[in-house]
Amino acid sequence: MLWLFLMLPMIMSLVLIWAITSNALKLRQEELESIYATEESRFANVDGVRMHYMDQGKGEAVLLLHGSLLSLQSWDSLTFELVMSGYRVIRPDLLTSGLTSEDPNGDYTVERNVELIRILAEKLGITRMTVIGTSYGGIIGFNYAAKYPQNVAKLVLINCGGLPRVKKQGGHSQVGAIFMWMFRRHMTKGMIQGFLKNNFTRPHRPPQELIKICHDMRRRIGRNQESDLMIQQFCTGDPESVLAKVQAPTFIMWGMDNLTVGHLDADVFEHWLTSAPTTKKKYQGAGHFMFFEIPDKINRDVRDFLNGDMDDKLRMTQRVLSVNEKQAGCVC
C-alpha cells in the first residue's frame, strides 16, 4: 500500500495532464449554442467566419464591441438602455469569443477584426453608425473609425486598450511557463474568476453568471489555441497616427481605479485624437469593467452622448509641435 500512496500524486498529475491535453474538459460548438444561443441570436458567414451577433431595436445604428475574454452578453444592460431610447443595437461576438467560429485562415489581428466588422455592417445594410468599444473592442473600434471615418457618426471608448505598454502596466510581461502552458490548453474556472476579480473594484464583485459564461466560452474546442494566436499576432503599432485619423466626435470614459489600463491613458487618447472633437469623463470607484459595476451611470452617460446632450462639452485638441517640427516649418 505504501507504494500506491507514494504513486498517488504522480497518478493524479498524469490524469490532470490527460484531461487538459485531451478534449475531456472541453465543449463542442453545438453544446455551447444549445446553452447560450437565444431567439435574438443571428449567425452570418462573414468572409469565411461564422459570426454570432444580435441585431435589436430600430433607429440609428449603434455597434457594441466587447473586450477580450468577454462576449456580447456583457452588453446586455447597455443594449436594453439604448433600444429603449430608440436605437438599433448590433453586438457581435468578436474572434476568439462567444459563439463566433474560428477564422479559417488563422488571422486574429486587429486589422482582421476591423474588416469583419466592415463586412458585417455592409451585410446588414448599415452605412453609418456609432461605434462603442471597451478594452480590446475599443482598439478595434478606433482602428475602424480611423480607416472608415465616413462610416462612423460617433465613437465611445470605454477603458480602451491599444497604447504602448510597459512591464509595470502588464504589457509584454513574462509570466510563468506553467501558467502559459495552462492558458494555451485550458483556463480553469478559478483562473477566470481570479482574472475578473482583479479587474473589479471593491466592493464590486464579478457576477457568478459572468464567470460561468466566460469559463464556458473558453472551454470550446480550439478556443485557447485561437486566443494564443491572437496574442502572438497582436501588435500595438502606431496608435498616435491612427487616432489622428479619427474624425467622429468621441466620448472617452474611464474608471479611476482601473488596474488594467490606468486612467492617465484617457488623457493620452484625448491628446492624440487631434482630428476629432472629444469629451472625457473619469469615474471614481470604478475599474476596468465599470459597465458591470456602475451600469446606471454608464448607460445614462452613453445615452446622453448619443442623444447630443453632451455636444457643448466637445473640444478639439490642438497639437503642440515639437522643436524639430517647428524648425522644419511643419504645418499640422
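This section describes the fold of a predicted model, from its central sheet to selected details of the backbone. The protein has a mean pLDDT of 87, and 82% of its residues reach 70 or more. Residues 11-24 form a stretch in which the pLDDT is below 50, with 12 contacts in the model beyond near neighbours in sequence. The pLDDT is also below 50 over residues 167-181, a stretch for which 12 contacts beyond near neighbours in sequence are found in the model.

The sheet is open and consists of eight strands in the order 1-2-4-3-5-6-7-8, with mixed pairing. Strand 1 (41-46) and strand 8 (278-283) are the edge strands, each paired on one side only. From one strand to the next, the twist averages 20°. Strands of a sheet pair through backbone hydrogen bonds, in either a parallel or an antiparallel arrangement. An antiparallel pairing is found between strand 2 (residues 49-56) and strand 4 (residues 87-92), which are joined by four bridges. Within this part of the sheet, Met54 has Arg91 of strand 4 as its bridge partner.

Parallel pairing is found on both sides of strand 5. Strand 3 and strand 5 are joined in the parallel sense by four bridges, and Leu63 has Val131 in strand 5 as its bridge partner. Seven bridges link strand 5 to strand 6, again in the parallel sense, with Thr134 opposite Ile158 of strand 6. The connection from strand 5 to strand 6 passes through helix 5, and this β-α-β crossover is right-handed. Strand 5 is mostly covered, seven of its seven residues being buried.

Strand 7 has parallel partners as well. Strand 6 and strand 7 run parallel and are joined by four bridges; Val156 has Phe251 in strand 7 as its bridge partner. Strand 7 and strand 8 also run parallel, with six bridges between them. Phe251 stands opposite Thr279 in strand 8. Between strand 7 and strand 8 the chain passes through helix 11 (residues 264-272), in a β-α-β crossover that is right-handed.

The surroundings of strand 7 were examined further. Six of its six residues are buried, so strand 7 is largely enclosed by the rest of the structure. In a regular strand the side chains alternate between the two faces of the sheet. In strand 7, Thr250, Ile252 and Trp254 point one way, whereas Phe251, Met253 and Gly255 point the other way, and all are buried. Helix 13 (residues 295-307) lies across strand 3 (60-65), strand 4, strand 5 (129-135), strand 6 (152-160), strand 7 (250-255) and strand 8. The angle at which helix 13 runs to strand 7 is about 170°.

Helix 4 (residues 110-123) was considered in terms of both its length and its burial. At 1.5 Å a residue, its 14 residues should span 20 Å, and the end C-alpha atoms are 20 Å apart, which agrees. Of the 14 residues of helix 4, 10 are buried, so this helix is largely enclosed by the rest of the structure. The buried residues are Val110, Arg112, Asn113, Val114, Glu115, Leu116, Ile117, Ile119, Leu120 and Ala121. The buried set thus includes Arg112, Asn113 and Glu115 alongside Val114, Leu116 and Ile117. An α-helix has 3.6 residues a turn, so residues three or four places apart point the same way. The buried residues of helix 4 pack against strand 1, strand 2, strand 3, strand 4, strand 5 and helix 5 (136-147). Just after helix 4, Gly125 adopts a positive phi of about 75°.

Positive phi values are also found in residues other than glycine. Leu69 has a phi near 75° and lies in the loop between strand 3 and helix 3 (76-84). With a relative accessible area of 11%, under the 20% cut-off, Leu69 is buried. Asn159, which is not a glycine, has a positive phi of about 45°. Asn159 is located in strand 6 and is buried, its relative accessible area being 0%. A further backbone detail concerns the peptide bond between Arg202 and Pro203, which is cis, with omega of about 10°. Pro203 is placed in the loop between helix 7 (189-198) and helix 8 (208-218).

Terms used. Residues are numbered from 1 along each chain as its sequence is written. This is a predicted model: local features need pLDDT of at least 70, side-chain atom pairs count only at pLDDT 80 or more; totals for chains, interfaces and linings use all residues. Side-chain values use heavy atoms; hydrogens and water are left out. pLDDT is the predictor's confidence in each residue, from 0 to 100. Contact means heavy atoms within 4.5 Å. Two strands pair if DSSP finds at least two bridges between them. Helices (H or I, at least four residues) and strands (E, at least two) are DSSP runs, numbered from the N terminus. Axes are lines fitted to C-alpha atoms, for helices over the stretch in contact, and angles run from 0 to 180 degrees between N-to-C directions. Buried means under 20% relative accessible area, exposed over 50%, partly exposed in between (1.4 Å probe, protein chains only). A crossover is right-handed if, with the strands pointing away from the viewer, the path from the first strand over the helix to the second runs clockwise. The expected span of a helix is 1.5 Å times one less than its number of residues.
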